[in-house]
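I opened the notebook to log what I looked up in this model. My entries follow in the order I made them.

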Amino acid sequence: IVISDPNRDLFRLALPDATGESNLARSATEIEQRDMAISGLFRVLDPVSFPETLQKEGLGFSSALWSEVGAQGVAKMGVTRQGNGLALEGRLYQVGRGESPVLSKTYHGTELRALVHAWANDIIAQFTGQRGVFGARIAFAMTGKRGEIASVGMDGADLSVVTHMNSACLLPAYSPTGGQIAF
């Protein structure tokens with residue numbers, strides 16, 4: 001379902017390809033694009049419209065060039081392996097506010113999806129004052145031959161069946177601490 005207000009113009013956000021090892025960078029870019037699209041706060045610009053020079057500028061920023069493609073903001077990521085873990089460096093720029101990032105953070109961990117979600121949450125916080133919901137999980141009742149309780153990440157990834165009762169399970173709800181599901 002897409003709900004749109006014809007009187008509301010969403011913030012135009014460019015998400016160029018992440019830098020780093022090709023598989024990691026590609027996955028990070030896909031996760032970030034999905035998060036920003038799901039948030040409903042941004043109009044994510046089509047990367048096909050970015051000239052090659054903008055795709056290759058790395059984590060740097062040229063305000064004049066990005067304004068030419070219609071961007072109001074640009075979120076950039078660089079992903080690297082560090083020992084057994086990963087590091088994600090994120091920089092958020094606003095066109096018209098100079099060449100320095102308005103937000104610059106580095107995240108360390110072992111799961112790429114969690115690192116990108118943390119970055120997406122911080123981008124949302126930069127514009128709204130409240131962190132995003134990425135990394136949260138949704139509990140739901142599965143239907144069909146087996147009615148089980150399952151959970152899924154806020155972005156629709158990481159499906160996990162929680163019960164194995166082979167009977168009707170309904171109305172799941174997380175406990176206040178989030179550590180248990182009542183149903």
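**Entry 1: overall picture**

I began with burial: 38% of the 183 residues in the protein are buried. The model is predicted, so I checked confidence next. The mean pLDDT is 91, and 96% of the residues reach 70 or more. Confidence is lowest in α2, at a mean of 85, and highest in β6, at 98.

I counted four helices and 11 strands. The C-alpha atoms fill a box of roughly 60 × 50 × 30 Å along the principal axes. I also looked up the accessible surface, which comes to about 10400 Å². Carbon and sulfur atoms hold 52% of that surface. Among contacts with a separation of 6 or more, 45% join residues 24 or more positions apart.

**Entry 2: the nonpolar cores**

Which residues touch the most other members of the largest nonpolar core? I found Leu13, Met36, Leu88 and Trp119, in a core of 27 residues. At least two residues come from each of β1, α1 (22-39), β4 (73-82), β5, β6 (103-109) and α4. Helix α4 gives the most, with eight residues.

I followed Met36 further. Leaving out residues up to four places away in sequence, Met36 touches Leu13, Leu15, Phe42, Val44, Ala120, Ile123 and Ile124. Another core lies apart from the largest one and has 10 residues. Phe50, Val69, Ala71 and Val74 are among them.

**Entry 3: aromatic pairs**

I then turned to the rings. A pair of aromatic rings is described by the distance of the centres and the angle of the planes. The structure holds six aromatic pairs, and I logged two of them here.

The first I noted is Phe11 with Phe127. Their ring centres are 4.6 Å apart. Their planes meet at 45°, so I recorded the pair as tilted. Phe11 sits in strand β1 (residues 11-14) and Phe127 in helix α4 (residues 112-128). They are 116 residues apart, so the pair links distant parts of the chain. Phe127 has a relative accessible area of 29%, so I put it down as partly exposed. Phe11, Phe42 and Phe127 form one aromatic cluster.

My other entry is Phe61 with Tyr93. Why does this pair count as stacked? The planes are at 10°, and under 30 degrees counts as stacked. The ring centres lie 4.3 Å apart. Phe61 is in the loop between α2 (52-55) and α3 (63-68), while Tyr93 is in strand β5 (residues 85-94). This pair also links distant parts of the chain, at 32 residues apart. Both Phe61 and Tyr93 are buried.

**Entry 4: Leu10**

I found Leu10 in the segment before β1. Is Leu10 buried or partly exposed? Its relative accessible area is 24%, and buried means under 20%, so Leu10 is partly exposed. Not counting residues up to four places away in sequence, Leu10 touches Gly40, Leu41, Phe42, Arg43 and Gln72. I also took one long distance. The C-alpha atoms of Leu10 and Thr163 are separated by 40 Å, with their positions 153 residues apart along the chain.

**Entry 5: Thr29**

Thr29 lies in helix α1. Its relative accessibility is 6%, so I logged Thr29 as buried. What does its side chain reach? A polar atom of the Thr29 side chain lies 2.9 Å from the backbone oxygen of Ala25. Beyond residues up to four places away in sequence, Thr29 touches Pro16, Asp17, Ala18 and Met77.

**Entry 6: positive phi values**

Most residues other than glycine have a negative phi. I looked up two exceptions.

Asp158 has a phi near 65°, a positive value in a residue other than glycine. I placed Asp158 in the loop between β8 (149-153) and β9 (160-161). At 48% relative accessibility, Asp158 is partly exposed.

Asn166 has a positive phi of about 55° and is not a glycine. Asn166 is in the loop between β9 and β10 (173-174). Is Asn166 buried or exposed? Its relative accessibility is 59%, and over 50% counts as exposed, so Asn166 goes down as exposed.

Note on methods:
Residues are numbered from 1 along each chain as its sequence is written. This is a predicted model: local features need pLDDT of at least 70, side-chain atom pairs count only at pLDDT 80 or more; totals for chains, interfaces and linings use all residues. Side-chain values use heavy atoms; hydrogens and water are left out. Rings of Phe, Tyr and Trp (its six-membered ring) pair if their centres lie within 6.5 Å; planes under 30 degrees apart count as stacked, over 60 as edge-to-face and the rest as tilted. Buried means under 20% relative accessible area, exposed over 50%, partly exposed in between (1.4 Å probe, protein chains only). A nonpolar core is a set of buried Ala, Val, Leu, Ile, Met, Phe, Trp, Tyr and Cys residues joined through side-chain atoms within 4.5 Å. Contact means heavy atoms within 4.5 Å. pLDDT is the predictor's confidence in each residue, from 0 to 100. Accessible areas come from the Shrake-Rupley method with a 1.4 Å probe; for residues, only the protein chains shown count as cover. A polar contact is a pair of N or O atoms within 3.5 Å; within protein, one must be able to donate a hydrogen and the other to accept it, and residues adjacent in sequence count only if both atoms are side-chain atoms.
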